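This report describes a protein model for a reader who has its sequence and structure at hand. Please keep both in view while reading.

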Amino acid sequence: QNWFQHPQFPTTATAITDWNIPVVAFSEDYTNDAVVLLGRVRQDTIQGTDRGEIWRSSNGGNSFNKVKNLLSGAQSLLCTPPGPSGQRTWLVTTRSYPNLGTFLGTGVLSSTDNGLTWNDFGNEQDFLMEDSPGKVSGYAPLNFEQQIAVYPDYATRGEVWYGRQEGLFVSSNEGINWEQRQMRMEREFRD
């Protein structure tokens, strides 16, 4: 098949102030519901920070509707299989660390109605850290790299993992609450 530029997103991003699409995900039940979500990000020159959007298609990507404005750009997007609750959950993480700077009051967003509405259930508080989040502690070009993934036994455990520069975070209740996991032994820490 040939690739083509989608008519709803015809502009190629040539600057950080242009909208770009860093994440696209298909519903875990795509064969039956044809839902596709995409996340967008751009630099906001007025605010001096990034902004984001979530767009949703229910017809296999033929057309999209914007369903959510974000105070930070979407960086990771995932639809889970059915969890212990019996429902599928969409999860989106953003470029900014939860509850930091202009992104105050927002954590990992989730949707249980196939991406129509989004909520973080107050989980931004789960990301409070002793050491400042966003502290540059690695290879600078990778500061905002991150990934969210479901545990192989998600249907039974409802466990989701979220890795980013600040550490590894795990949810044991289908993405509602989060806990930071220890990455190395205390004797290896230094300041």
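The sections below treat the overall fold, one sheet, the salt bridges, one serine and two backbone angles.

## Overall architecture

The model discussed here is predicted. Its protein chain contains 2 helices and 11 strands. Read from the N terminus, the elements follow the order β-α-β-β-β-β-β-β-β-α-β-β-β.

The chain has 191 residues, of which 39% are buried. About 11000 Å² of the protein chain is exposed, and carbon and sulfur atoms supply 50% of that area. When contacts between residues at least 6 apart in sequence are considered, 43% of them join residues at least 24 apart.

## A sheet of three strands

One open sheet is built from 3 strands in the order β5-β6-β7, and the pairing is antiparallel. Strands β5 and β7 stand at the edges with a single partner strand each, so one side of each has no neighbour in the sheet. From one strand to the next, the twist averages 15°.

The antiparallel pairing of β5 and β6 extends over 5 bridges. Within this pair of strands, leucine 77 has valine 92 in β6 as its bridge partner.

## Salt bridges

How many salt bridges does a search of the whole structure find? The search gives 7. One of the pairs is formed by aspartate 29 and arginine 88, whose closest N and O atoms are 4.0 Å apart. This pair links distant parts of the chain: aspartate 29 belongs to the loop between β1 and α1, arginine 88 belongs to the loop between β5 and β6, and 59 residues separate the two. Aspartate 29 is partly exposed at 22% relative accessibility, and arginine 88 is also partly exposed, at 30%.

A salt bridge also joins the side chains of arginine 95 and aspartate 50, with an N to O distance of 3.6 Å. Arginine 95 is in the loop between β6 and β7, while aspartate 50 is in strand β3, so the pair ties together parts of the chain 45 residues apart in sequence. Arginine 95 is partly exposed, with a relative accessible area of 26%, whereas aspartate 50 is buried, with a value of 4%. In a further pair, the side chains of glutamate 53 and lysine 66 meet at 3.5 Å, N to O. Because glutamate 53 lies in strand β3 and lysine 66 in strand β4, this salt bridge ties together parts that are 13 residues apart in sequence. Glutamate 53 is buried, with a relative accessible area of 6%, but lysine 66 is partly exposed, with 42%. Elsewhere, Glu28, Asp29 and Arg88 form one network through salt bridges that share partners.

## The surroundings of serine 111

Serine 111 is part of strand β7, which covers residues 109-111. Is serine 111 buried or exposed? Its relative accessible area is 1%, so serine 111 counts as buried, the limit for this class being under 20%.

The side chain of serine 111 takes part in polar interactions. A polar contact of 2.8 Å connects it with the side chain of aspartate 113. In addition, a polar atom of the serine 111 side chain lies 2.9 Å from the backbone oxygen of threonine 117. Leaving aside residues up to four places away in sequence, serine 111 touches Arg88, Thr89, Trp90, Leu116, Thr117 and Trp118. Arg88 thus appears here among the residues touched by serine 111, and it also belongs to the salt-bridge network described above.

## Two positive phi angles

Most residues other than glycine have a negative phi. Which value does phi take in alanine 34? Phi of alanine 34 is near 55°, a positive value in a residue other than glycine. Alanine 34 is located in the loop between α1 and β2.

Glutamate 174 likewise is not a glycine and has a positive phi, of about 65°. Its place is the loop between β10 and β11. With a relative accessibility of 13%, glutamate 174 counts as buried.

Notes. Residues are numbered from 1 along each chain as its sequence is written. This is a predicted model: local features need pLDDT of at least 70, side-chain atom pairs count only at pLDDT 80 or more; totals for chains, interfaces and linings use all residues. Side-chain values use heavy atoms; hydrogens and water are left out. Helices (H or I, at least four residues) and strands (E, at least two) are DSSP runs, numbered from the N terminus. Buried means under 20% relative accessible area, exposed over 50%, partly exposed in between (1.4 Å probe, protein chains only). A polar contact is a pair of N or O atoms within 3.5 Å; within protein, one must be able to donate a hydrogen and the other to accept it, and residues adjacent in sequence count only if both atoms are side-chain atoms. Contact means heavy atoms within 4.5 Å. Accessible areas come from the Shrake-Rupley method with a 1.4 Å probe; for residues, only the protein chains shown count as cover. Two strands pair if DSSP finds at least two bridges between them. Axes are lines fitted to C-alpha atoms, for helices over the stretch in contact, and angles run from 0 to 180 degrees between N-to-C directions.
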